[in-house]
Amino acid sequence: MCKEFTLVAGPCSVESLEQVIHTAKELKDKLSPDFFRAGVWKPRTRPGSFEGVGEIGLEWLQIVQHDFGLKVITEAGSADHIDKLARYDINSFWIGARTVANPFSVQEISNALKNADVNVFIKNPIHPDIELWIGAIERFINAGVKNVFAIHRGFYPYEKTHLRNVPRWEIPIELARRFPELKIICDPSHIAGDTKYIADISQKAIDLNMCGLMVESHYQPEKALSDKNQQLTPQQLKNIIDSLVFRSDKTSDDEYKNLLAGLRDKIDVIDYQLIDMLEHRFKLVDEIGGLKKSHNVTILQLERWKTIVESRLNYANADNISREFLLKILQMIHKESIQRQNEIFGKE
Ligand code: PEP
Ligand code: MN
């Protein structure tokens, strides 16, 4: 549960003193964000793109921090970066999606912290491996850092979509289930890849009770040296933030509470029925496994599997349950059934 909403805003990269000053001033006047973000070291997938201005950028960020009273935050990817941040009085940093995937780097960075009084924001790794994300979070918690945030920035899209990264909302939801006290914020910019999707993704994050947003904003997005298409002007960002609908995760309305309790009771009953039915179904699957084995027949019976998929998809009312979802469930059940029968075949 979030006690407060954290807004992190600023350009993808530090480009010049003029650029950070202009952007920070506009953001401060319009939104007064909790953190001003800007990367000085940019981990690009391929060499040759803009890789950041380096250490000089820290000097400029220090000016922003001092002149505008904004806490600045940048990406750190090595122990050397941590030493440099300390030299410029910067005590907030994020670990990027590429670095999080490397436990050696994450451990090295957390070891380099001499003072645990820092704000560390940990992005999800590029690929949807929640354990890697959790591992990085644990390394900083174990290093004594109290202010650890997770940033949901979406995952590599294995299939083509309109978004730069697919949100896979179930992953941050699972993270919240396992770490209820952790502050999870959303980075709609890197999920979207294009400013036109940022408002919707931000609202979705808020509806899922996330604790804040990290959004890229540049005073002249068309001139940005990195991630040009996804950077909003401070005014565009303000318009989005102003239009967000914040909802509480609870209400004291009694009628609502009664209705909700009644509906949840029904859902509880159905969930237990589903479990009973699945157990029953798997018993039959096991029996069939024994039968196939004793008659020397293969586990996979393609015709039967095709018939199951077609008949179940035809049976379901597409208005009530999506075909895509039903297919996924059938595939999961089928996979589990094959595994059980494989075990039966393996037994003496
Ligand atoms: C960024 O925030 O600019 C960035 C490089 O993000 P990510 O690590 O999520 O790709
Ligand atoms: Mn970026």
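Helices, here, are DSSP runs of H or I with at least four residues, numbered from the N terminus. Helix α13, residues 323-346, is one such run, and Glu343 has its place there. The model described below is predicted.

**Overall layout**

The protein has 13 helices and 8 strands. Its C-alpha trace spans about 80 × 55 × 40 Å along the principal axes. Of the 348 residues, 43% are buried. The chain is divided into domain 1, covering 6-243, and domain 2, covering 254-346. Between the C-alpha centres of domain 1 and domain 2 the distance is 41 Å.

Glu343 in helix α13 has a relative accessible area of 51%; the cut-off for exposed is over 50%, so Glu343 counts as exposed. From Glu343 to Asn111 the separation is 232 residues in sequence and 45 Å in space, taken C-alpha to C-alpha.

**The site of ligand 1**

The residues around ligand 1 are Cys12, Arg37, Lys42, Glu75, Trp94, Gly96, Ala97, Arg98, Lys123, Arg153, His190 and Glu216. Sorted by class, this shell holds 3 nonpolar, 2 polar and 7 charged residues. Side chains that place a polar atom by an oxygen atom of ligand 1 include those in the table.

| Side chain | Partner | Distance |
|---|---|---|
| Lys42 | oxygen atom of ligand 1 | 2.9 Å |
| Lys123 | oxygen atom of ligand 1 | 2.8 Å |
| Arg153 | oxygen atom of ligand 1 | 2.6 Å |

Ligand 1 taken alone exposes 300 Å², and the protein buries 97% of that area.

**The manganese ion**

Ligand 2 is a manganese ion whose protein donors are Cys12 through SG, His190 through NE2, Glu216 through OE and Asp227 through OD. These donors lie 2.1 to 2.4 Å from the ion. In sequence, the donor residues follow the spacing C-x177-H-x25-E-x10-D. Cys12 and Glu216 link distant parts of the chain, being 204 residues apart. Cys12 sits in the loop between β1 (6-10) and α1 (17-30), while Glu216 belongs to strand β8, residues 212-216.

Are Cys12 and Glu216 buried or exposed? A residue is buried if its relative accessible area is under 20%. Cys12 is at 2% relative accessibility, so Cys12 counts as buried. Glu216 is at 1%, so Glu216 is buried as well. Cys12, His190 and Glu216 are also listed among the residues around ligand 1.

**Positive phi angles**

Most residues other than glycine have a negative phi. Which residue has a phi near 60°? Asp89 has this positive value, and Asp89 is not a glycine. Asp89 is found in the loop between α3 (79-87) and β4 (92-95). With a relative accessible area of 54%, Asp89 is exposed.

Asn296 is another residue that is not a glycine and has a positive phi, of about 55°. The loop that holds Asn296 runs between α11 (254-294) and α12 (302-315). At 74% relative accessibility Asn296 is exposed.

Note on methods. Residues are numbered from 1 along each chain as its sequence is written. Chains are lettered from A and ligands numbered from 1 in the order in which they are written. This is a predicted model: local features need pLDDT of at least 70, side-chain atom pairs count only at pLDDT 80 or more; totals for chains, interfaces and linings use all residues. Side-chain values use heavy atoms; hydrogens and water are left out. A residue is near a molecule or strand if one of its heavy atoms lies within 4 Å of it. A polar contact is a pair of N or O atoms within 3.5 Å; within protein, one must be able to donate a hydrogen and the other to accept it, and residues adjacent in sequence count only if both atoms are side-chain atoms. Accessible areas come from the Shrake-Rupley method with a 1.4 Å probe; for residues, only the protein chains shown count as cover. Ala, Val, Leu, Ile, Met, Phe, Trp, Tyr, Cys and Pro count as nonpolar, Asp, Glu, Lys and Arg as charged, and the others, Gly among them, as polar. Donors are N, O and S atoms within 2.8 Å of the metal (3.2 Å for Na, K and Ca); water is not among the atoms, so sites may look incomplete. Helices (H or I, at least four residues) and strands (E, at least two) are DSSP runs, numbered from the N terminus. Buried means under 20% relative accessible area, exposed over 50%, partly exposed in between (1.4 Å probe, protein chains only). Domain bounds come from an automatic or database domain assignment.
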